[in-house]
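Q: I am new to reading protein structures. Could you walk me through the features of one, step by step?

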Amino acid sequence: MAKELIRLVGCTMEFDGETILNSIDLSINDKEFLTLLGPSGCGKTTTLRIIGGFLKPTSGDVFFDGKRINDIPPYERQVNTVFQRYALFPHLDVYENIAFGLRTQKLPEREIDERVTEMLEVVSLKGFEDRKVTALSGGQQQRVAIARALVNRPKVLLLDEPLGALDMRLRKDMQQELKRIQQQMEITFIYVTHDQEEALAMSDTVVVMNEGIIQQIGTPEDIYNEPRNAFVADFIGESNILDGIMREDYVVETFGRRFTCLDKGFGKDEAVDVVVRPEDIDIVPVSEGMLTGTVTSITFKGMQYDVIVDFKGFKWLIQTTDSPSVGERIGIKIDPDGFHIMPKSKYSGLYGDYSSFSEEYEELSDADFVPGEEDGEEEWHED
Ligand code: ATP
């Protein structure tokens with residue numbers, strides 16, 4: 001069974017009377033790859049700095065291996081940090097950059113050599129020992145920074161947007177590399193990013209944050225497939241988010257029509273948010289559609305087309321390999337597992353309409369469509 005290594009209990013951080021972190025509870029396991037994900041300013045770095053010991057929470061406790069460590073300074077914690085700006089020593093070569101921490105501990109030369117050599121292998125920089133770090137690419141410099149942090153054999157590595165400065169292609173390669181290094185070294189990585197794709201690709205556990213509050217904790221699959229509220233659904237991947245009412249278990253009503261879904265346990269007639277992912281919608285002939293709409297724009301994305309469809313003023317995003325034409329009437333079909341039901345939250349109504357994708361944005365601003373009260377029944381077809 002996974003062993004807990006770090007626990008934050010009710011951690012609150014205030015700066016100048018403003019609450020930046022609001023009573024965070026978080027448990028991190030040994031050897032876990034955990035990512036703090038959220039928009040700029042949501043408190044990710046602050047959380048990381050509390051774990052690293054660079055900040056003391058205004059209230060709440062931090063535990064490491066069961067011991068309270070609020071008052072333990074950073075250098076006495078079994079934690080090391082890799083920052084986005086690598087802060088390598090420009091006058092030293094690769095070898096000496098990695099060896100630096102070991103030299104300050106005055107370890108014997110043989111041990112230094114063994115450990116630096118091991119690290120060069122782990123980060124795939126064998127043969128680069130004598131290079132000046134200024135003569136390395138961004139990705140290679142990042143590897144040196146990682147080797148330098150790992151050579152001290154921390155139990156936990158904190159990584160704050162470490163790939164932020166790299167171009168897209170290199171970023172993808174380094175994501176795989178980091179995951180491999182984490183597994184090979186068998187240590188805990190706590191990773192900060194605002195890039196949801198990166199978080200999904202690398203993590204065992206994703207912690208979605210917004211406004212200083214943890215919105216959801218789960219595996220990448222959980223977070224994507226079962227978002228807990230409209231913020232998470234919108235932030236992770238693309239989502240159409242509709243107003244709905246749970247009429248009974250497995251039956252959700254939206255746009256005045258009832259659909260079969262897989263969700264249960266809501267109150268009878270409870271108002272809910274309904275998420276439909278763009279890839280879960282099939283385009284079918286109008287006569288076979290559960291509902292019909294008009295295509296307002298199409299964008300070729302390589303793997304698929306992004307199609308915006310207007311359903312009585314509410315614009316949906318559909319991702320499909322079909323390519324209907326702009327202005328065409330289409331039908332759509334959604335399987336029961338394509339509906340994800342979420343309780344209403346403070347984020348309801350803020351996200352999930354793709355109007356701004358559409359050329360008809362202007363027109364939409366005067367649409368007064370209210371789901372369930374529309375007149376245009378002909379727009380809808382029962383399944
Ligand atoms: P980013 O991705 O932009 O780094 P983040 O989620 O990591 O965002 P934090 O760096 O944790 O966000 O900052 C959260 C909020 O706290 C921000 O509004 C920031 O301005 C504020 N903040 C952070 N450190 C301090 C400080 N030392 N004094 C005052 N305010 C601070």
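Q: Where in the fold is Asn 240 placed?
A: For a question like this, look up which helix or strand holds the residue. In this predicted model, Asn 240 belongs to strand 11, which covers residues 240-248.

Q: Is Asn 240 buried or exposed?
A: The number to read is the relative accessible area, and a residue counts as buried when that value is under 20%. Asn 240 has a value of 0%, so it is buried.

Q: Which polar atom does the side chain of Asn 240 lie close to, and what is the distance?
A: Here you look for pairs of N or O atoms within 3.5 Å. A polar atom in the side chain of Asn 240 is 2.7 Å from the backbone nitrogen of Leu 317.

Q: Which residues is Asn 240 in contact with, leaving aside its neighbours in sequence?
A: Skipping residues within four places in sequence lets you see what the fold brings together. For Asn 240, the contacts include Val 274, Val 275, Val 276, Arg 277 and Pro 278. Lys 315, Trp 316 and Leu 317 are also among them, as are Gly 352 and Tyr 354.

Q: Can we practise on another residue? Where does Met 202 lie, and is Met 202 buried or exposed?
A: The steps are the ones you have just used. Met 202 is in helix 6, residues 196-202. Its relative accessible area is 1%, so Met 202 is buried. Not counting residues up to four places away in sequence, Met 202 touches Phe 33, Gln 175, Leu 178, Lys 179 and Tyr 191.

Q: How many residues apart in sequence are Met 202 and Lys 346, and what is their distance in space?
A: Keep the two kinds of separation apart in your mind: one counts places along the chain, the other is in Å. Met 202 and Lys 346 are 144 residues apart in sequence, and their C-alpha atoms are 29 Å apart in space.

Q: Now the ligand. Which residues surround the ligand?
A: List the residues that have an atom close to the ligand. Here the shell includes Phe 15, Ile 20, Pro 39 and Glu 161, and it also includes Ser 40, Gly 41, Cys 42, Gly 43, Lys 44, Thr 45 and Thr 46. Sorted by class, the shell has four nonpolar, five polar and two charged residues. Helix 1 (residues 44-52) gives the largest share of the shell, three residues.

Q: Which protein atoms lie close to oxygen atoms of the ligand?
A: Check backbone and side-chain atoms separately. A polar backbone atom of Cys 42 is 3.1 Å from a ligand oxygen, and a backbone N or O atom of Gly 43 is 3.0 Å from one. In Thr 45, a side-chain N or O atom lies 2.6 Å from an oxygen atom of the ligand. On its own the ligand has 630 Å² of accessible area, and the protein covers 57% of it.

Q: How many residues of helix 1 are buried, and which are they?
A: Go through the helix residue by residue. Helix 1 is mostly covered, with seven of its nine residues buried. These are Lys 44, Thr 46, Thr 47, Leu 48, Ile 50, Ile 51 and Gly 52. After helix 1 comes Gly 53, with a positive phi near 90 degrees.

Q: Which residues of helix 2 are buried, and what covers them?
A: In helix 2 (residues 94-104), the buried residues are Val 94, Tyr 95, Asn 97, Ile 98, Ala 99, Gly 101 and Leu 102. Their cover includes helix 3 (109-122) and helix 4 (138-150). Look at the ends too: at the start of helix 2, a side-chain oxygen of Asp 93 comes within 3.3 Å of the backbone nitrogen of Tyr 95. Lys 106 follows helix 2 and has a positive phi, near 55 degrees.

Q: How many disulfides does the structure have?
A: For this, compare distances between cysteine sulfurs. The search of the whole structure gives zero disulfides. The cysteine sulfur closest to that of Cys 42 is in Cys 11, 15 Å away, so the two are too far apart for a bond. Cys 11 counts as buried because its relative accessibility is 0%, and Cys 42 counts as buried because its value is 2%.

Conventions
Residues are numbered from 1 along each chain as its sequence is written. This is a predicted model: local features need pLDDT of at least 70, side-chain atom pairs count only at pLDDT 80 or more; totals for chains, interfaces and linings use all residues. Side-chain values use heavy atoms; hydrogens and water are left out. A residue is near a molecule or strand if one of its heavy atoms lies within 4 Å of it. A polar contact is a pair of N or O atoms within 3.5 Å; within protein, one must be able to donate a hydrogen and the other to accept it, and residues adjacent in sequence count only if both atoms are side-chain atoms. Accessible areas come from the Shrake-Rupley method with a 1.4 Å probe; for residues, only the protein chains shown count as cover. Helices (H or I, at least four residues) and strands (E, at least two) are DSSP runs, numbered from the N terminus. Ala, Val, Leu, Ile, Met, Phe, Trp, Tyr, Cys and Pro count as nonpolar, Asp, Glu, Lys and Arg as charged, and the others, Gly among them, as polar. A disulfide is a pair of cysteine sulfur atoms within 2.5 Å. Buried means under 20% relative accessible area, exposed over 50%, partly exposed in between (1.4 Å probe, protein chains only). Contact means heavy atoms within 4.5 Å.
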